[in-house]
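Visitor: Could you take me slowly through one part of this model, and show me how a helix sits against its surroundings?

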Amino acid sequence: MLATILHAAGDIRVEERPEPTILAPTDAIIRVTASCVCGSDLWPFRGADALIAPTAMGHEYVGVVEQVGSRVTTVKPGQFVIGSFFASDNTCPNCLAGYQTSCVHRQGVSGAQAELLRVPLADGTLVATPGMPEADLVPSLLTLSDVMGTGWFAAVAANVQPGGTVAVVGDGAVGLLGILSAKQMGAGRVIAMSRHASRQALAIEFGATDVVEERGDAGVARIKELTGGLGADSVLECVGTQESMMQAIRSARPGGHVGYVGVSHDVELPGLELFFSHVHLHGGPAPVRQYLPELIDLVWTRQIDPGKVFDQTLPLADAAAGYKAMDKRHAIKVLLRS
């Protein structure tokens, strides 16, 4: 089968690899209909994350079940399924509390940018759609595997409330879908922080009411100006850098909430400033499995269309071009058709 392999920083190849097999009775094998390149895939691609050996890439996926282990009961061959980027049993105390990405038996799901994928803990990880989806729904369903679920969790963690004011730091796919999530949750005002025209246009289509192009202290000052000097009720941090985290915290009003979902890279918080800010912080790897049933319903009934975040579609064999397009910010998010 074809699979996308990162050999070194900047060296991504699509190669023939052995097909996966059932290794445990709780596994499932799916034939991947579509996968995509994630912003977090760019960290190792750029050399920011260490690479010990050639690595199979991809953790976002939808597809059709081909085979299941003897203990799998909730999905069966022939069903179209979506799963999280972390496998979970969905029965441990952490899962039952809604944090499947902290499952005591969690396993990373990788190698999704391929024709076939082995998914461990299938019963607790995969969710079947009501039927075989129409082709135009596949991109939106694919977002639920990570970026839409992560944007949704950012909004939940930031305590977005009907009528509230929300600021979103980061105009990548997660930030844009955080805007869509905040709007779906009833936010009265959604401020997108972006300086790229194409991303600003999509932010507005997803529900942003204001766009702030300034960054850092200037961006914070602009948020304060737009909110009568107070700051936003909820801030979604969707980047993961020191600058973005501090911009998010400083953009929140006293008593406000920051939901952070950007994968942290060298972020250090100043304790005294945080102490006097009275800002709530909550975030981490999004427990997208918690939200899959609700989000599948919203997509299936065409109440939301998060698939618009894909602005380039390529065959799996051209995955390297997709990485380059996202690295150069020529694309927001690239969908790969197997």
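**A helix and the sheet beside it**

Guide: A good place to begin is a pair of facing residues, for Val 169 stands opposite Met 193 in β12. This is a predicted model, and in it β11 and β12 pair in the parallel sense over five bridges. These two strands belong to an open sheet of six, which runs in the order β13-β12-β11-β14-β15-β16 with parallel pairing. At its edges lie β13 and β16 (280–283), each of which pairs on one side only, and neighbouring strands of the sheet are turned by 20 degrees against each other on average, if direction is ignored.

Now turn to helix α8, which spans residues 216–226 and in which Gly 216, Gly 219, Val 220, Ile 223 and Leu 226 are buried. These residues lie on the same side of α8, because they cover an arc of only 125 degrees around the axis. The spacing helps to explain this: an α-helix has 3.6 residues a turn, so residues three or four places apart point the same way.

What do the buried residues of α8 pack against? Their partners are the strands β11 (165–169), β12 (189–193), β13 (210–212) and β14 (232–237), together with the helix α9 (242–251). The face of α8 turned away from this buried side, by contrast, carries Asp 217 and Glu 225, which are exposed. After α8 comes Gly 228, whose phi is positive, near 65 degrees.

Another helix, α5 (residues 147–157), also packs on the sheet, where α5 touches β14, β15 (252–260) and β16, and the direction of α5 makes about 155 degrees with that of β15.

Methods:
Residues are numbered from 1 along each chain as its sequence is written. This is a predicted model: local features need pLDDT of at least 70, side-chain atom pairs count only at pLDDT 80 or more; totals for chains, interfaces and linings use all residues. Side-chain values use heavy atoms; hydrogens and water are left out. Buried means under 20% relative accessible area, exposed over 50%, partly exposed in between (1.4 Å probe, protein chains only). Helices (H or I, at least four residues) and strands (E, at least two) are DSSP runs, numbered from the N terminus. The arc is that of the directions from the helix axis to the C-beta atoms. Contact means heavy atoms within 4.5 Å. Two strands pair if DSSP finds at least two bridges between them. Axes are lines fitted to C-alpha atoms, for helices over the stretch in contact, and angles run from 0 to 180 degrees between N-to-C directions.
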